Amino acid sequence: MKLDVIKLDGGKAGSIDLDEALFGLEPRADILHRVVRWQRARAQAGTHSTLGKSDVSYSTKKIYRQKGTGGARHGSKKAPIFRHGGVYKGPQPRSHAHDLPKKFRALGLRHALSAKAKAGELVILDAATLADAKTAQLAKMKSELGWKRVLIIDGAAVDANFALAARNLEGVDVLPTIGANVYDILKRDTLVITKAGIEALEARLK
């Protein structure tokens, strides 16, 4: 697969051959779905908590005698059926993470890259570098290129000036290659990868 390479100012910078094994697959929604679920489950805080019968602050004294009242038998007022009583089998703090094989996660990333390429939402950038960390300058370039919600994937490291300029820009995310993931790729309308990012991704996913 051949794609044009552009510069940040919109000018052309030649073309590049993309690996079909990364960008030429037929995207499968079931694979993408499983990887995104795995990512979101790992990100879930899991801090939900409720007070059980043994946790609520109440007297354990029997609330009335066992027989002769005409009512149901009761002991502690901590029982779940009473107001302010403990919650029965309520949520407790836990991890929602589940396992997903490393090879399957890599496959999901390949399908995410292929999905963007097939949809025409993949842009190859010559280099994501700026002489000065100016947000206004990058915002103007973004507007001229027609990018709205964009993820930019660079090589092993992101240019410091570019990262600073993009940090306060709405709708722009910048990641090094090691941070490339299915959820962030699918979440944004446009995927921009630098030439260094392409090389690093090919090395990572080979």
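Start at helix H5: select residues 160–167 of this predicted model. Colour Phe162, Ala165 and Ala166, which are the buried residues of the helix. These residues lie on the same side of H5, because they cover an arc of only 95 degrees around the axis. Now turn to the face pointing away from that buried side, where the exposed residues Ala160 and Arg167 sit.

What do the buried residues of H5 pack against? Show helix H4 (135–145), strand S4 (150–153) and strand S5; these are the elements that the buried side of H5 packs against.

Keep that region on screen and switch to cavities. A search of the whole structure finds one cavity of 30 Å³ or more. The largest cavity holds about 30 Å³ of space. To find it, select its lining: Leu138, Lys142, Trp147, Val150, Ile152, Phe162, Leu169 and Val172. Phe162 has already appeared as a buried residue of H5. H4 and S4 each give at least two residues to this lining.

Next, the sheet. Show its strands in the order S2-S1-S3-S6-S4-S5; this is an open sheet of six strands with mixed pairing. At the edges are strand S2 (12–17) and strand S5 (172–175), each of which pairs on one side only. From one strand to the next, the twist averages 30 degrees.

Walk across the sheet from the S2 edge. S2 and S1 are antiparallel and share four bridges. Select Lys2 and Asp17 in S2, which stand opposite one another. The hairpin of S1 and S2 has five residues between the strands, and Gly10 there takes a positive phi near 95 degrees.

Move on to S1 (residues 2–6) and strand S3 (residues 122–125), which run parallel and are joined by two bridges. Val5 has Ile124 in S3 as its bridge partner. S3 in turn pairs with S6 in the parallel sense, over four bridges. One pair to pick out here is Leu122 with its bridge partner Leu191 in S6.

Stop at strand S6 (residues 190–194). Is S6 buried or exposed? Five of its five residues are buried. Hide everything else and look at each face in turn: Thr190, Val192 and Thr194 are on one side, Leu191 and Ile193 on the other, and both faces are covered. On the way to the S5 edge, S6 also pairs with S4, in the parallel sense and over four bridges. Val150 has Thr190 in S6 as its bridge partner. Val150 is also one of the residues lining the largest cavity.

Now select Asp184, in helix H6 (residues 182–187). At 17% relative accessibility, Asp184 counts as buried, because the cut-off for buried is under 20%. Apart from neighbours within four places in sequence, Asp184 is in contact with Leu151 and Leu175.

Finish at the largest pocket, which contains about 330 Å³ of space. It is lined by 14 residues, and the closest to its centre are Lys102, Arg105, Ala106, Leu109 and Arg204. Show helix H2 (29–43), helix H3 (102–118) and helix H7 (195–205), the elements that give two or more residues to the lining. Which element supplies the largest share of the lining of this pocket? That element is H3, with five residues.

Note on methods
Residues numbered from 1 in each chain as written. Predicted model: local features only at pLDDT ≥ 70, side-chain atom pairs only at ≥ 80, totals over all residues. Heavy atoms only, no water. Pairing = 2+ DSSP bridges. Axes fitted to C-alpha atoms, helices over the stretch in contact; angles between N-to-C directions. Buried < 20%, exposed > 50% of the residue type's maximum accessible area, 1.4 Å probe, protein only. Arc of directions from axis to C-beta. Contact = heavy atoms within 4.5 Å. 1 Å grid on protein atoms, 1.4 Å probe; cavity = no way out; pocket = protein on both sides within 12 Å on 5 of 7 lines; lining within 4 Å. Points joined across faces, edges and corners; volume = space filled by probe spheres on them.
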